[in-house]
Amino acid sequence: MIIQIHSGNNVGGILRVVTRLMRHARDHDVDGRLEFIFYHPRRRAFVGIDPEFFFDALGERVDVVDNALDLRGVLFSVNHAKYRKRPLRAFTHKVERRLKHMAKLWREPEPKMDRPKGWALRPWDLGAEKVRVALLGMAWNVRDQSRRLAELQKRGDVEVVLLVHDLIPIVAPAIHEMNQQFADWFAEVVGVTTRFLVISDYTGQDVAATVPKLGGRVEWIRRVPLAHEFDVSEEGPLPAEFPNGFVLSIAPLALPRKNLWMLIKAWEKLLERVGPELLPTLVLAGAHGKKAREFEEYMAARPALAPHVLLLERPKDRTITALYRHCLFTVYPSVFEGWGLPVGEAAWFGKLCVASNATSIPEVVGPAADYFDPADLDDMVAKLERPIRDRAYLAAREKDVAGVELRRWEDVARDLVIALEAP
């Protein structure tokens, strides 16, 4: 998390989930026993962070954050495992990072600040009591993390608890670009922990099966399901007019496992089956990146389909709120998830989700979604066609959605704290 903020990157995806958990977990920490810590490369030790500043830092300028955390000029060491079979590339990558870092420091003179360097840091060390260190997010980029945790365990009574969102790069590399950083990191971290939190039963099964294969041991696995809540209530304008209404899918074209190309093909078939007068616009909202050009080329070759599919690049939260509120229903065709946030978020707004039946996705709202086989185009088309044609059916399914017991992020954080404090 600190590396992302220090680098000026957006905090999204898993890190956004972690931020929500940390914010609400602090509210449930009535005894003040919860601390936010990270390994400080300049001080060569774990340090604490003022929690008030931590959440403020998400919206601050990088130079303000660097001053508060004494990170000006720091270049974090990251895991270069993806280049381990290409030592020359690994070396040149390190050199490139160092040169870019030096050039940035040269271009950007140190600004004057009102507060001293490191003012938001707090001393942190092991006491006499047992300490539980919880790893909640994208830790696989952090070099030597497992070694540092092992050193902590040698110094005191330290238990490490790992929150696992999914093991997709390990258990399903065929549908996910192999993340060697993640695979190597997980193989190392199971050497310092036997305790795991998971966000779904499906992920729990993967952890139970995978850890022993890596030489680790599982003492316990505790499930802490994620929330349905989309915590931005303010609504922005819709990005376009939709004469036939629209169906929403929140997912990036850049990730093949999200299965959006299959969905686009399904929409092409639906155009043939229901006709342009009835077919809603399919809105694809996400971080599409370079795949947007491929999408444009695909649509240019299909002029009849093009008016019925809209690609939105990284819409703001207020726009997403508007899209959820005003869509006919949502669709989520992913072939593998650790949870499936957009399925739950649709329910938060009272909308039906027509979703893939793969992996953890049916756990999110149970029978209150309509499911299809994500590998079966005809099944996907059939399940999408029904709520498009039959609005009475859609209204009935929305009543089913209204009966779902919805979870807020504060519920998740409460369960997280309970799981961490239990023996």
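Select strand 8, residues 246-250, in this predicted model. Phe246, Leu248 and Ile250 point one way. Val247 and Ser249 point the other way. In a regular strand, side chains alternate between the two faces of the sheet. Buried or exposed: which are the residues of strand 8? They are all buried. Five of the five residues are buried, so the strand is largely enclosed by the rest of the structure.

**Next, the neighbours of strand 8**

Add strand 9, residues 281-286. Strands 8 and 9 pair in the parallel sense, over five bridges. Look for serine 249: leucine 284 of strand 9 stands opposite. Now trace the chain between the two strands. From strand 8 the path goes through helix 10, residues 260-274, to reach strand 9. This β-α-β crossover is right-handed.

Then add strand 11, residues 329-332. Strand 11 runs parallel to strand 8, and two bridges join them. Here leucine 248 has threonine 330 as its bridge partner.

**Out to the whole sheet**

Show strands 8 to 13 together. What order do the strands of this open sheet take? The six strands run 10-9-8-11-12-13, with parallel pairing. Strand 10 (309-313) and strand 13 (370-372) stand at the edges. Each has a single partner strand, so one side of each is left without a neighbour in the sheet. From one strand to the next, the twist averages 25°.

Zoom in on the edge at strand 10. Five bridges join strand 10 to strand 9, and the two run parallel. Leucine 282 of strand 9 stands opposite valine 309 in strand 10.

**Over to helix 8**

Select residues 180-189. Eight of these ten residues are buried, so helix 8 is largely enclosed by the rest of the structure. Pick out the buried ones: Gln180, Gln181, Phe182, Ala183, Asp184, Trp185, Phe186 and Val189. What covers them? The cover includes strand 4 (131-135), strand 5 (158-164) and strand 6 (195-198). It also includes helix 6 (145-155), helix 7 (168-171) and helix 9 (201-213).

**Last stop, a helix pair**

Select helix 14, residues 377-389, and helix 15, residues 391-402. They pack at an angle of about 100°, with their axes 5 Å apart. That makes helix 14 roughly perpendicular to helix 15. Show the side chains at the contact. Helix 14 brings Arg386, Pro387, Ile388 and Arg389. Helix 15 brings Arg391, Tyr393 and Leu394. Of these contact residues, four are nonpolar, three are charged and none is polar.

Methods
Residues are numbered from 1 along each chain as its sequence is written. This is a predicted model: local features need pLDDT of at least 70, side-chain atom pairs count only at pLDDT 80 or more; totals for chains, interfaces and linings use all residues. Side-chain values use heavy atoms; hydrogens and water are left out. Buried means under 20% relative accessible area, exposed over 50%, partly exposed in between (1.4 Å probe, protein chains only). Helices (H or I, at least four residues) and strands (E, at least two) are DSSP runs, numbered from the N terminus. Contact means heavy atoms within 4.5 Å. Two strands pair if DSSP finds at least two bridges between them. A crossover is right-handed if, with the strands pointing away from the viewer, the path from the first strand over the helix to the second runs clockwise. Axes are lines fitted to C-alpha atoms, for helices over the stretch in contact, and angles run from 0 to 180 degrees between N-to-C directions. Angles under 35 degrees count as roughly parallel, over 145 as roughly antiparallel, 65 to 115 as roughly perpendicular and the rest as oblique. Ala, Val, Leu, Ile, Met, Phe, Trp, Tyr, Cys and Pro count as nonpolar, Asp, Glu, Lys and Arg as charged, and the others, Gly among them, as polar.
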